[in-house]
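This report describes a protein chain and the ligand modelled with it. Please look over the sequence and the structure before reading on.

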Amino acid sequence: MCLRFTLYFEDWHLFTMTDSEPLDKTLAEGDGARGKKSKRKLKKEDAWRPAPPKDPFALLDSLPEKNQQEIQKALHLFSMSPTPPKTLHEAKRYTYQFWDTQPVPKLGDNITAHGPIIEAALSVRQEPYSLPAGFSWDTLDLSTQTVMKELCTLLSENYMQEDDNTMKLTFSPEYLQWLLQPPNWLSQWHCGVRVDANNKLVGFIAAVPADVRVYETQMQMVQVKLLCVHKKLRLKRMTPVLIREVVRRVNQQGLGQAVYTAAVVLPTPLSSCRSWHRPLNPQKLMQVNYPGLRRSMNLQRALKFFHLPEVTKTRGLRPMTGEDVVGAHSLLQKNSSRFDLSTILSLQEVEHWLLPRENVIDTYVVEGDDGTLTDVVSFYAVSSNVLNHPVHTELRAAHLLHVTSSATHPADLMEDALVLAKSKGFDILSALDVMDNKSFLEKLKFNATDKSLHYYLYNWMCPGTRPDKVGLVLPS
Ligand SMILES: CC(C)(COP(=O)(O)OP(=O)(O)OC[C@H]1O[C@@H](n2cnc3c(N)ncnc32)[C@H](O)[C@@H]1OP(=O)(O)O)[C@@H](O)C(=O)NCCC(=O)NCCS
């Protein structure tokens with residue numbers, strides 16, 4: 001196994017060490033072109049010639065998915081350009097070639113002031129940033145079904161997977177419409193990269209408008225989302241070009257700041273939060289070997305430990321409807337002022353982000369006896385394909401978006417949210433330790449994972465803040 005692995009690794013490594021031409025060619029030709037070539041009959045007189053070098057992508061594609069992943073991991077380990085650090089400790093020894101050129105606070109700086117790092121440029125660069133030969137920018141028109149499908153494919157095949165290659169996220173058009181087309185969205189902020197030869201979509205980054213309050217300052221800015229580079233184009237510095245280009249397009253609209261999250265440590269986290277998981281269907285999670293489930297617990301114990309009531313307890317709890325938008329808006333506004341980082345949602349945005357959409361977002365409200373809304377809880381749906389499993393093909397996770405409670409205890413409201421998520425077929429509910437979530441995570445048997453999510457601001461400096469002062473979850 002080790003020997004075979006080394007051989008494949010060398011082929012791939014040599015290939016990536018050459019310039020980008022063969023890479024473009026391979027992505028351009030696609031599998032069809034390779035297939036035709038291999039079918040071409042070898043002329044008799046050429047039979048003695050040594051075989052030409054094998055196409056490394058064909059070689060890679062012919063391997064089982066698991067081996068491909070191992071090669072990718074090895075590449076990341078041995079690469080000349082290491083991947084960004086996962087912890088602040090690692091970050092101290094890492095050199096940020098790109099991020100050190102950007103208007104973001106330097107790691108380790110003691111920041112006490114609040115304000116932009118660079119003032120808005122008087123003139124914004126008109127022409128897009130250059131891509132290597134063979135690649136072009138494409139502003140994605142997500143109202144076209146085929147384009148939306150292409151984006152779903154790029155993300156489903158190349159976005160994050162579980163490290164052990166047992167799960168792959170899936171993106172639906174409905175989910176992407178929700179994520180990328182909130183009120184006042186702009187299509188030029190849906191920024192794609194294609195291979196010229198066959199039009200294949202191989203890179204993407206998006207920005208959506210958001211009014212954000214950072215400490216005492218309220219700003220119109222963007223949330224940056226869904227940064228993704230095709231796995232065969234990784235470690236080639238496409239990310240800095242995508243980021244520069246989306247920043248240019250955002251600057252063109254007169255905006256200079258952005259908020260974004262990442263699992264990696266970049267300069268400089270405003271806050272670093274931890275992800276927690278609450279099993280809803282422990283049997284299935286155990287069967288698919290879901291990471292983070294307590295290994296010491298047998299099925300019987302897990303079923304008992306994670307058991308939930310069949311019905312909810314909170315009086316007046318019901319799904320949100322269009323009539324609740326004004327009430328929910330006022331509850332969220334009041335709540336958001338308690339945090340150092342939060343979004344200021346308009347009525348239209350509350351309608352967009354919170355009104356229930358099948359398989360995308362679920363929101364429940366509590367209506368008091370006098371008809372006023374007192375509490376809101378919402379979670380969005382993220383599905384994954386379970387790979388190579390004899391029984392299960394899909395895993396459904398609910399991610400907590402908002403909990404705002406003024407009459408019900410947050411733990412009681414959340415327990416009901418767990419009951420509802422389970423009844424809707426979710427297998428697990430994830431939450432960050434932001435807002436007041438810490439008050440119920442342990443009590444309701446959430447498990448802390450080793451995964452952190454870091455919050456960042458582009459072109460804004462301010463002191464860092466604790467997770468419980470972060471009042472904002474950015475779905476991605
Ligand atoms: C994230 C991803 C685009 C990075 O691509 P890559 O090929 O590894 O990196 P590139 O060679 O293109 O660029 C490297 C630069 O991008 C930066 N970078 C890497 N991941 C980043 C992220 N999530 N956000 C911002 N910058 C990032 C690196 O720090 C590095 O810059 P540096 O020299 O200043 O350290 C790619 O791994 C990917 O598509 N992953 C799956 C989707 C995903 O995880 N998206 C991010 C969600 S937060």
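## The chain as a whole

Among contacts in the protein chain with a separation of 6 or more, 75% are between residues 24 or more positions apart. The model is a predicted one. Its protein chain has 14 helices and 15 strands. Of the 476 residues in the chain, 34% count as buried.

## Around the ligand

The ligand is surrounded by 23 residues, and those that come nearest are Y96, Q97, F98, R234 and T239. Sorted by class, this shell holds 16 nonpolar, four polar and three charged residues. Strand β5 (217-229) and helix α8 (238-252) each supply at least two residues of the shell.

## Helix α8

Helix α8 also allows a simple check of length. At 1.5 Å a residue, its 15 residues should span 21 Å, and the C-alpha atoms at its ends are 21 Å apart, so the two values agree.

Several residues of α8 are buried, namely M238, V241, L242, I243, E245, V246, V247, R249 and V250. The cover over these buried residues includes the strands β1 (135-139), β3 (190-195), β4 (201-214), β5 and β6 (258-262). Thus β5 appears both in this cover and in the shell around the ligand. Just after the helix, G254 takes a positive phi of about 85°.

## The largest nonpolar core

The largest nonpolar core has 104 residues, of which V246 and L429 touch the most other members. Strand β4 gives the largest share of this core, nine residues. At least three residues of the core come from each of domain 2 (88-260) and domain 3 (271-471).

V246 is one of the buried residues of α8. For L429, leaving aside neighbours within four places in sequence, the contacts are R278, L280, F379, A398, L400, L418 and A421.

## An exposed loop residue

Is S123 buried or exposed? S123 is found in the loop between α5 (88-91) and β1. A residue counts as exposed if 12 or fewer other C-beta atoms lie within 10 Å of its own. S123 has 6 C-beta neighbours inside 10 Å, and therefore counts as exposed.

S123 can also be placed relative to G254, the residue with the positive phi just after α8. Along the chain, S123 and G254 are 131 residues apart, while their C-alpha atoms are separated by 10.0 Å.

How values were computed: Residues numbered from 1 in each chain as written. Predicted model: local features only at pLDDT ≥ 70, side-chain atom pairs only at ≥ 80, totals over all residues. Near = placed C-beta within 6 Å. Helix = DSSP H or I, 4+ residues; strand = E, 2+ residues; numbered from the N terminus. Nonpolar A, V, L, I, M, F, W, Y, C, P; charged D, E, K, R; others polar. Expected span 1.5 Å × (residues − 1). Buried ≥ 20, exposed ≤ 12 C-beta atoms within 10 Å, placed from the backbone. Contact = placed C-beta atoms within 7 Å. Core = buried A, V, L, I, M, F, W, Y, C linked by C-beta atoms within 7 Å. Domains from an automatic or database assignment.
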